[in-house]
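Work through the exercises below with the model open. Each task is followed by its solution in steps.

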Amino acid sequence: MSSTETPPADAPTAAAPSGKTGRVCPEDLQKAQTNGSLFDLQDLQVHFPIQQGFFKSMVATQKRYVHALDGIDLQIARGEILALVGESGCGKTTLGRTLLRLEKSTGGTALYKGLPLNKFSEKALREYRKKAQIIFQDPYNAINPKQTIFDIVAEPLLVNQMVHSEKEKEARVIKALEESGLRPARDYLFRYPHELSGGQRQRVCIAGAVVLGPDLIVADEPVASLDVSIRNDILKLMVVQKETLGVTYIFITHDLSLAWVISDRIAVMYLGKIVEIGETEEVVKNPRHPYTKALISVIPVPDPTKKRERIILKGETPNPIDLPTGCRFHPRCPECMDICKEQTPRDIHLGGNHYAACLRLP
Amino acid sequence: MSAATKKAKKGAPAAKSAAEKKVARIEHPGLLDVRDLKAYFRLSAGWVKAVDGISFTLEPGESLGLAGESGCGKTTAATALIKLLPENGRIVSGEVLFDGINLAKRTEFGMSKIRWKEISMIFQGAMNALNPVKEVGDQIIEPIRLHDNIGEKAALARAKELFELVGINPKRIGEYPHQMSGGMRQRAMIAMALACNPRLVIGDEPTTALDVMVQAQILELIEKLREELHLSFILISHDLSVMAETCDKGVIMYAGKVVEQGSVEQIFNNAEHPYTKRLIKSFPNIHEKREMVSSIPGDPPNLLYPPSGCNFSPRCERCFEPCTSIEPQLTEIEPGHFVSCHLFGVPDQATQDAASADVAATDADLAAALEAEAQ
């Protein structure tokens, strides 16, 4: 295990992993660069092979794939909230899972602090799990109903052998609960999940994630199953944690209006690709891709006097097995041109951090 | 007891339907007139007042939104309208007047003539509401054949017509629910609800589990059908912004009670109840300034042990003295706009006494009913 030199901050190339077999060791993770972007994805692909029966697999000329992610280019900065927005099946959850290395990419590169995610050794992965956490959609099913809040939040610490005494464990659990807005934490320690409301349960889930001191938390529809009146507090908590703990949040949601409230940047996804990405205000107020325009136009607004024109797309997202040719949005696009059926659009820089992939753009 | 009712059900149909025809039409405004409807659930710990006095009128072709957080009683209210309450639920008092008939007093057999033929329902989550082992077409044919005396072929033709109406290719009539996407299943549900040309359709969170784009498609479809078929529509939704876009009138519920009701313009542009105001603000509006709105502190009360006075008082920022002791009454603050809040006048002693006497009477009734059942 020889030492590696930290590569320059903005170099997107992979840092040479030090292990004997070219794998990333836990030591590399500790020494990894501390500046530059947290994640650097280039042409990332995740394709799932379709399981076929014995006969079909003998007869079929080629293997078929679900193109869950198909060419993602993305840099994620430290301490930002990036919202991934899109309809179901667009690959937003797969992207989140790939960042957590719960899914292995099948093509392209994904670098975490300059280290290739795919080459992590078992030990490095364990180390990485402390740094990357997830919050699930449904807090009612995500936590064990037979454990006390204390046990739930302490579990990640025990699994990762991060505490050496009872006192330390308690101190860290209490700190995590307070950071997650359950104050005073001592009141909650020995309660069971059924004694808490939905919002409080989601806070417990968040506490279970932040107790390890992660760099990244993937929040997969964290408020979709919560009531409106408590939703905002959970969103606010994410912003507070971003600011105080420096956590990077990947906020996966189908609701653009929620992304609008808290995220720094929004990435709109369609069929495994990012079609538009930029600063939140810019994307929402000045959408350039026809898909983003349509998504924004159909968000219901709590104001009956505002009758605006809605762009309602026909049909549903095509299946990600046989992708449309050219621009993959063209079969549903209201502004489709002939060229869209043949040519694949590239990302067009629209100033600032704003990019969109559409052939209509200059 | 159950054996007796079963017997009655079996023996009576012919005689009863004849009797029901003689029942005089009750005069009432609109197509549907709900008056002080109360539906409670019986639990071992006591009665849960899930819907505690809701009144509204619905004209033909009008749409009404019932909104509130989960557990506020909006679904119970809707199921009480067509008497589909679970076994431990019952309509305690109030009237549901539909086209001159009081549904609250109607028998199960009488209701079976109304359900689907006159009033139908689009259920939440089409995934669970459709039978997975039956073809979608067959499921649509079922109510048609049950209510309209027509043959299978004619019913199938009608089902195909309905598929066309809701925008599904009629060729897919023989498919099973799992072969359809979520949006398609919801469309099939709508086709099913329209099968017998009902006059009133109740949509219980018809778009909640759907994607934004599909939600927009479904809402557009409902709006189109409403205009074409001159349907009355009751939308139950936790999403106030959906209500703002699709309904003419709105009822906001909190903990089983109506806190505010009126036209959607009145509710959204001129909300007066502190709860409605906070709830509307909780929805991000992308056309306005980007800001983080705080939630409503606290949780909805446990309806087994509701707080004294106003149910919202423990969470209300404008709570003052009478709120914790006296129950507010719905007051009309402008034509058609009702608010139940002490900020708009505390009821005088006589009304208070009358109201508490009323509550005491129902409570006594309920206690008696419980006791009778226990024996």
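**Exercise 1. The buried side of helix 6**

Task: Find which residues of helix 6 of chain A are buried, and what they pack against.

Solution. The model is predicted. Step one is the list: Ile149(A), Ile152(A), Val153(A), Ala154(A) and Pro156(A) are the buried residues of helix 6 of chain A. Step two is their partners: these buried residues pack against helix 7 and helix 8 (198-210) of chain A. Step three looks past the helix end. Just after helix 6 of chain A, Gln161(A) has a positive phi of about 50°.

**Exercise 2. Helix 6 against helix 8**

Task: Work out how helix 6 and helix 8 of chain A are oriented, and which residues make the contact.

Solution. Start with the geometry. The two helices of chain A, 6 and 8, pack at about 30°, and their axes are 7 Å apart. Angles under 35 degrees count as roughly parallel. Helix 6 and helix 8 of chain A are therefore roughly parallel to each other. Their crossing is right-handed. Next, name the contact residues. Helix 6 of chain A brings Ile149(A), Ile152(A), Val153(A) and Pro156(A), while helix 8 of chain A brings Val204(A), Ala207(A) and Gly208(A). Last, sort by class: the contact of helix 6 with helix 8 of chain A has six nonpolar residues, one polar and no charged.

**Exercise 3. Helix 6 against helix 7**

Task: Repeat the analysis for helix 6 and helix 7 of chain A: what are the angle, the crossing and the contact residues?

Solution. Helix 6 (residues 149-159) and helix 7 (residues 166-179) of chain A pack at about 110°, with axes 10 Å apart. The range 65 to 115 counts as roughly perpendicular. Helix 6 and helix 7 of chain A are therefore roughly perpendicular to each other. Helix 6 of chain A passes helix 7 of chain A in a right-handed crossing. On the helix 6 side of the contact are Phe150(A), Val153(A), Ala154(A) and Leu157(A). On the helix 7 side are Lys169(A), Arg172(A), Val173(A), Ala176(A) and Leu177(A). By class, this contact of helix 6 with helix 7 of chain A has seven nonpolar, no polar and two charged residues.

**Exercise 4. A loop residue**

Task: Place Asn353(A) and decide whether it is buried, exposed or partly exposed.

Solution. Locate it first. Asn353(A) is in the loop between strand 11 (348-349) and strand 12 (355-356) of chain A. Then count. Asn353(A) has 15 C-beta neighbours inside 10 Å, so it counts as partly exposed. Then check contacts. Leaving out residues up to four places away in sequence, Asn353(A) touches Arg265(A), Gly278(A) and Glu279(A).

**Exercise 5. The interface and its confidence**

Task: Describe the side of chain B that touches chain A, then say how confident the predictor is.

Solution. Count the contacts: 37 residues of chain B meet 35 residues of chain A. Helix 9 (212-229), helix 10 (240-246), helix 11 (264-269) and helix 12 (274-282) of chain B each supply at least two residues of that side of chain B. Helix 9 of chain B gives the most, with six residues. By class, that side of chain B has 17 nonpolar, 12 polar and eight charged residues.

Now the scores. The complex has an ipTM of 0.82 and a pTM of 0.86 from the predictor. Chain A has a mean pLDDT of 87, with 94% of its residues at 70 or more. Its residues 1-14 are below 50. Chain B averages 86, and 93% of its residues score at least 70. In chain B, residues 1-16 fall below 50. Where pLDDT is low, predicted coordinates should not be read in detail.

Note on methods. Residues are numbered from 1 along each chain as its sequence is written. Chains are lettered from A and ligands numbered from 1 in the order in which they are written. This is a predicted model: local features need pLDDT of at least 70, side-chain atom pairs count only at pLDDT 80 or more; totals for chains, interfaces and linings use all residues. Axes are lines fitted to C-alpha atoms, for helices over the stretch in contact, and angles run from 0 to 180 degrees between N-to-C directions. Helices (H or I, at least four residues) and strands (E, at least two) are DSSP runs, numbered from the N terminus. Angles under 35 degrees count as roughly parallel, over 145 as roughly antiparallel, 65 to 115 as roughly perpendicular and the rest as oblique. A crossing is left-handed if the near helix is turned anticlockwise from the far one by less than a right angle, and right-handed if clockwise. Two residues are in contact if their C-beta atoms, placed from the backbone, lie within 7 Å. Ala, Val, Leu, Ile, Met, Phe, Trp, Tyr, Cys and Pro count as nonpolar, Asp, Glu, Lys and Arg as charged, and the others, Gly among them, as polar. pLDDT is the predictor's confidence in each residue, from 0 to 100. A residue is buried if 20 or more other C-beta atoms lie within 10 Å of its own, exposed if 12 or fewer, and partly exposed in between; C-beta atoms are placed from the backbone.
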